[in-house]
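Please work through the following exercises on a two-chain model, with its sequence and coordinates at hand. Each task is followed by a worked solution.

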Protein chains: 2
Amino acid sequence: MRIEPVFLFDLDGTLVDSVYQHVLAWKQALDSEGIELSVWRIHRKIGMSGGLFANQLVRETGMAIDDERLERLRRKHAEAYRGMADAIRPLPGAKDLLTFLTAAGIPWAIATSGRLETAAVNLAALGVDPGEVPVVTRDQVKFAKPDPDLFLAAAARLDAPIETAVVVGDSIWDMLAAARCRALGVGLLCGGYGASELQQATAFRVYDDPADLLVHIDEVGGRR
Amino acid sequence: MRIEPVFLFDLDGTLVDSVYQHVLAWKQALDSEGIELSVWRIHRKIGMSGGLFANQLVRETGMAIDDERLERLRRKHAEAYRGMADAIRPLPGAKDLLTFLTAAGIPWAIATSGRLETAAVNLAALGVDPGEVPVVTRDQVKFAKPDPDLFLAAAARLDAPIETAVVVGDSIWDMLAAARCRALGVGLLCGGYGASELQQATAFRVYDDPADLLVHIDEVGGRR
């Protein structure tokens, strides 16, 4: 028996350089609702499910955040984020990495906790057409990260067993979700987490960014 | 012999919640000069001397950045940062921590790699009057962090031996500068570094933010 790896990519902070814009877009949305939260705490929540984000907000701030307010926050975040869309660029090596995998015949897909309305901006920056590449967004699953549903759905789209999947992400939510479904997590520092944070969340390798991962791709199963 | 601790505080990311705004202000400045740099790499440079920042930029991007261009970048950063000044808030517990130290008769000072033009916004948010509290800025020393000059100057302003100083900061540059002058580094996570990054840079304790440090102040010499 051989394991033929497939690659499942997170989007924000992994393939496109958008985490810090998401952070300040959330900061603006929260400020406008009078909810005070330190910016680094927002940063550490990016990539997790919006519902869990809201639960953590309630616990950390002690404020009542009902569904209506949460929906308003989501809308304000999406608006603020789209206002920064011009500044969003692919991370170094992101396009090359995806091109390499395609050329090598290694299947890959994208799985993001974001909704299509915000992900569309990033996919455009990356030059990925969701009509051609399997892209799973928050809209298509019941639970987002750190639940494993997004990665399970992405592996299913590739018709690959989840145990053959290498999950590439920048946040501990990617790593936790990967471990939950027995995929293997590879961490990238380009979302702003420290290496140890990712390793403590079960990352089996950590690289700077997609360019650095591409240089070391044979370490994690990137050959056929 | 007893060591009577004095506290030397970094400003951005340590007492005020301004790191992420600095990061995106630098991003805007660099973009406007056509210099592409991933946002997380900017984040990891915040708090270091502008000259060293420029040296690292040259190495990482391979671009020629002369003094004139550096001065233009600095000006654009300062402009963009001041445009976000309304959003700058003290970090949780920052005012309480300083009030506690003052009430306990424990001397403290502020030492920042920033220039007074940007630091002024933060001091105002914090309610610190540089006419009353010793504040050492980049303008007053030859080398900024990770060189120890700022902390040496701040200790001198308190008339305290540097070996009695506890340096509180959010970045590895604070910790390295503290170690260089035999002060003791205490790391805070509220600037967005991971705990291990600070520990690997010699932090002897790490806390979430000023509020968390205040709860544990007796661990690091905060009693008389």
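The exercises below treat symmetry, overall fold, interface, one helix, the core and some backbone features.

The model is predicted: local features need pLDDT of at least 70, side-chain atom pairs count only at pLDDT 80 or more, and totals for chains, interfaces and linings use all residues. Residues are numbered from 1 along each chain as its sequence is written, while chains are lettered from A and ligands numbered from 1 in the order in which they are written.

**Exercise 1. Determine how chain B is laid on chain A.**

Step 1. Superpose the copies by least squares on the C-alpha atoms of residues with pLDDT of at least 70 in both. A turn of 180 degrees with a shift of 0.0 Å along the axis brings chain B onto chain A at an RMSD of 0.0 Å.

Step 2. The two copies are therefore related as by a two-fold rotation axis.

Step 3. Within chain B, the C-alpha nearest the axis belongs to Gly194(B), at 2.5 Å from it.

**Exercise 2. Assess the overall form of chain A.**

Step 1. Take helices (H or I, at least four residues) and strands (E, at least two) as DSSP runs, numbered from the N terminus. Chain A has 10 helices and six strands.

Step 2. The radius of gyration is taken over C-alpha atoms, and the globule rule is 2.2 Å times the number of residues to the power 0.38. For 224 residues a compact globule would have a value near 17 Å, and chain A, at 17 Å, agrees. Along the principal axes, its C-alpha atoms fill a box of roughly 55 × 35 × 30 Å.

Step 3. Call a residue buried if 20 or more other C-beta atoms lie within 10 Å of its own, exposed if 12 or fewer, and partly exposed in between, with C-beta atoms placed from the backbone. By this criterion 50% of the 224 residues of chain A are buried.

**Exercise 3. Describe the side of chain B that touches chain A.**

Step 1. Two residues are in contact if their C-beta atoms, placed from the backbone, lie within 7 Å. On this basis 22 residues of chain B are in contact with 22 residues of chain A.

Step 2. The elements of chain B that give two or more residues are helix H1 (19-32), helix H2 (39-43) and helix H9 (195-199). H1(B) supplies the largest share, five residues.

Step 3. Count Ala, Val, Leu, Ile, Met, Phe, Trp, Tyr, Cys and Pro as nonpolar, Asp, Glu, Lys and Arg as charged, and the others, Gly among them, as polar. The side of chain B that touches chain A then divides into 11 nonpolar, six polar and five charged residues.

**Exercise 4. Is H1(A) enclosed by the rest of the structure, or exposed, and what covers its buried residues?**

Step 1. The expected span of a helix is 1.5 Å times one less than its number of residues. The 14 residues of H1(A) should span 20 Å, and the end C-alpha atoms are 20 Å apart, which agrees.

Step 2. Because 10 of the 14 residues are buried, H1(A) is largely enclosed by the rest of the structure. Among the buried residues are Tyr20(A), Trp26(A) and Lys27(A).

Step 3. The cover includes helix H2 (39-43) and helix H4 (67-83) of chain A, together with H1 and H2 of chain B.

**Exercise 5. Locate Cys190(B) and list its contacts.**

Step 1. Cys190(B) sits in the loop between strand S5 (184-188) and H9 of chain B.

Step 2. With 28 C-beta neighbours inside 10 Å, Cys190(B) counts as buried.

Step 3. Not counting residues up to four places away in sequence, Cys190(B) touches residues including Ser38(A), Trp40(A), Asp17(B) and Asp208(B).

**Exercise 6. Identify the peptide bond type at Pro146(A) and Pro146(B), and the sign of phi at Asp159(A) and Thr202(B).**

Step 1. Most residues other than glycine have a negative phi, and most peptide bonds are trans.

Step 2. Lys145(A) and Pro146(A) are joined by a cis peptide bond with omega of about 15 degrees. The bond from Lys145(B) to Pro146(B) is also cis, with omega near 10 degrees.

Step 3. Asp159(A) has a positive phi near 60 degrees and is exposed, with 9 other C-beta atoms within 10 Å.

Step 4. Thr202(B) has a positive phi of about 85 degrees; this residue is partly exposed, with 15 other C-beta atoms within 10 Å.
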